[in-house]
Amino acid sequence: MGDPTDSQPRIRDGMRAALPLAPSPILFGLSYGVLADASGFGAVAAVVMSATTFAGAAQFASLSVLDAGGTVVAAVLAAVFLNARYAAISLTVASIFPGGKLRRLVESQAIVDESWALSGKRGRFEWPILVGAGMLFYVLWIGSTAAGTAIGGVLDDPNALGLDAAFAALFLAMAVPYLRERRARQAAALAAVITLALTPFAPIGVPLIVASAACLLGLRR
Amino acid sequence: MNSAWIVVALVGVATIAFKAAGPVLIGRRSLPPHVQSVVDLLAPVMLIALVVTQTFGGDEEITVDARVAGVGAAVVAIWLRAHVIIAMAVAAAVTALVRLVA
C-alpha cells in the first residue's frame, strides 16, 4: 500500500526472485567443475571461464568438443555460435540499463537466459530484477564451479562413467524448449543430418560448425 | 598457454561483447527481422548438432556404442519430464553400465 517497492523493484527483489531457481546453477556449476577438471581442462581455467563467459551451454559445449578431441577453433566456434543469441537477447533489454557506457558494460554481464526471463515477468523488462538475479546466479555459478573442480580430481576416467552421454543429455534437454517452434525443429533436424553426414569425413568438431549453417533456414519466409 | 586458456580468452571476450551489444552499442534499436530469425535458430541448431556429435561422434567415423543406450535412456527421461540433472544422471549411469557389461 503506497510502498514504493511495489512499483520499483530493487536489486534485492531480483535476488529473491532468483532464489527458487538457485539449485540449477549450483548443480550445473558443480557438474561443469567436475567435468572440466576430470577432462584436463584445468580447475583454474574452468573457474575463470565461469567468471568471464558466465553461460552454461557454451561452457559445456567448448568443454565437450575439446574432450572429444576436437580442435580449439571448433571448440571456440561452437561456444561463440551458441552465445550469439545473447546479442539478440541484450537488444531486448538495451534501454533499461542506466548510467554511462562502462557501467552498462559491467551490468550487462548479468544477462543470462534465466535472469532475462525473470526480469520480463511483469510485462516489461526491469533492470533491478535482471541485475539482482544475475548477480545471485553469478556468485553461485563461480562458487559451484570451484567446488566441482575440487571434487573432479577424484575421477580418473570420466568417460568410463558415461559422462560423455551426460553431455548429450544436457544439450538435448536444453534444446527441447526451442523445439516447440516448427521452424526450429526443421533447422535442428537439418543440423542433425549435416552433422551425421560429415562425421565420417571431417575432423571432430568440424561437422558441428558446418551444421550451424542450418540456422540460415531463418531467412526463408 | 594451452588450448583451454585460448578457449577461455576467446569465448570470454566474444560473450562479454554479445551481452554488452544491446546496452552499450545499440540503445533502443532492434535487429532487422531476417537477422533476428537467423539468430533465433542458432541455439537449437547448435544444441542438436552437439547432441548428435556427443552421441555418434568418433574420430572421422560414426560410432554406435554404449553412449547411444545412455542417450536413449535420457530421451525417455526428458520425455517423462524428468529434471535435466536426472536425465544427465540416467544417461551417465546407463552408459557406464553398458560399458561395464560389454
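Which side chain meets that of B:Arg99 in a salt bridge? The partner is A:Asp164, with nitrogen and oxygen 2.9 Å apart. B:Arg99 belongs to helix H4 (residues 84-101) of chain B and A:Asp164 to helix H10 of chain A, so this pair joins two chains. Colleagues, please bear in mind throughout that we are looking at a predicted model.

Let me stay with these two residues for a moment. B:Arg99 is partly exposed, because its relative accessible area is 28%, a value between the cut-offs of 20% and 50%. A:Asp164, in contrast, is buried, with a relative accessible area of 9%. Between chain A and chain B, the count of salt bridges is one.

I turn now to the interface as a whole. On the side of chain A, 86 residues are in contact with chain B, and 66 residues of chain B take part in return. Together the two chains bury about 6600 Å², and 80% of that area lies on carbon and sulfur atoms. Three residues, A:Leu91, A:Leu172 and A:Cys215, supply 9% of what chain A buries against chain B, more than any other three residues.

Polar contacts are also present: 12 residue pairs across the interface of chain A and chain B fit the rule, both residues of each pair having pLDDT 80 or more. Helix H10 of chain A, residues 163-175, contributes 13 residues to the side that touches chain B, the largest share. Sorted by class, that side of chain A consists of 65 nonpolar, 16 polar and five charged residues.

Next, a lysine on the other chain. B:Lys19 sits in helix H1 of chain B, which covers residues 3-26. What is the nearest side chain of opposite charge to B:Lys19, and how far away is it? The answer is A:Asp113, at 8.4 Å; B:Lys19 is buried and has no salt bridge. As the cut-off for a salt bridge is 4 Å, the distance of 8.4 Å to A:Asp113 does not qualify. Among the residues of chain A that B:Lys19 touches are A:Thr53, A:Phe54, A:Tyr86 and A:Ser108.

A:Ser108 is also touched by A:Phe97, our next residue. A:Phe97 is found in the loop between helix H6 (85-92) and helix H7 (101-107) of chain A. Its relative accessibility is 6%, which means that A:Phe97 counts as buried. Its contacts include A:Arg104, A:Glu107 and A:Trp127, as well as B:Pro23 from the other chain. In sequence, A:Phe97 and A:Trp127 are 30 residues apart, while their C-alpha atoms are 6.3 Å apart in space.

A:Glu107 leads us back to charge pairs. A:Arg103 forms a salt bridge with A:Glu107, the closest N and O atoms lying 2.9 Å apart. Both residues are in helix H7 of chain A, four residues apart, about one turn of the helix. Are these two buried or exposed? A:Arg103 is partly exposed at 38% relative accessible area, whereas A:Glu107 counts as buried at 15%.

A second pair within chain A joins the side chains of A:Arg16 and A:Asp13, at 3.4 Å from N to O. These residues are three apart in helix H1 (residues 11-18) of chain A, and so about one helical turn separates them. A:Arg16 is exposed, with a relative accessible area of 51%.

To close, the total over all chains is seven salt bridges. Thank you for your attention.

Note on methods: Residues are numbered from 1 along each chain as its sequence is written. Chains are lettered from A and ligands numbered from 1 in the order in which they are written. This is a predicted model: local features need pLDDT of at least 70, side-chain atom pairs count only at pLDDT 80 or more; totals for chains, interfaces and linings use all residues. Side-chain values use heavy atoms; hydrogens and water are left out. Contact means heavy atoms within 4.5 Å. Buried area is the accessible area (1.4 Å probe) that two parts lose on being put together, summed over both. A polar contact is a pair of N or O atoms within 3.5 Å; within protein, one must be able to donate a hydrogen and the other to accept it, and residues adjacent in sequence count only if both atoms are side-chain atoms. Ala, Val, Leu, Ile, Met, Phe, Trp, Tyr, Cys and Pro count as nonpolar, Asp, Glu, Lys and Arg as charged, and the others, Gly among them, as polar. Buried means under 20% relative accessible area, exposed over 50%, partly exposed in between (1.4 Å probe, protein chains only). Lys and Arg count as positive and Asp and Glu as negative; His and the chain ends are not counted. Lists of a residue's contacts leave out its neighbours within four places in sequence.
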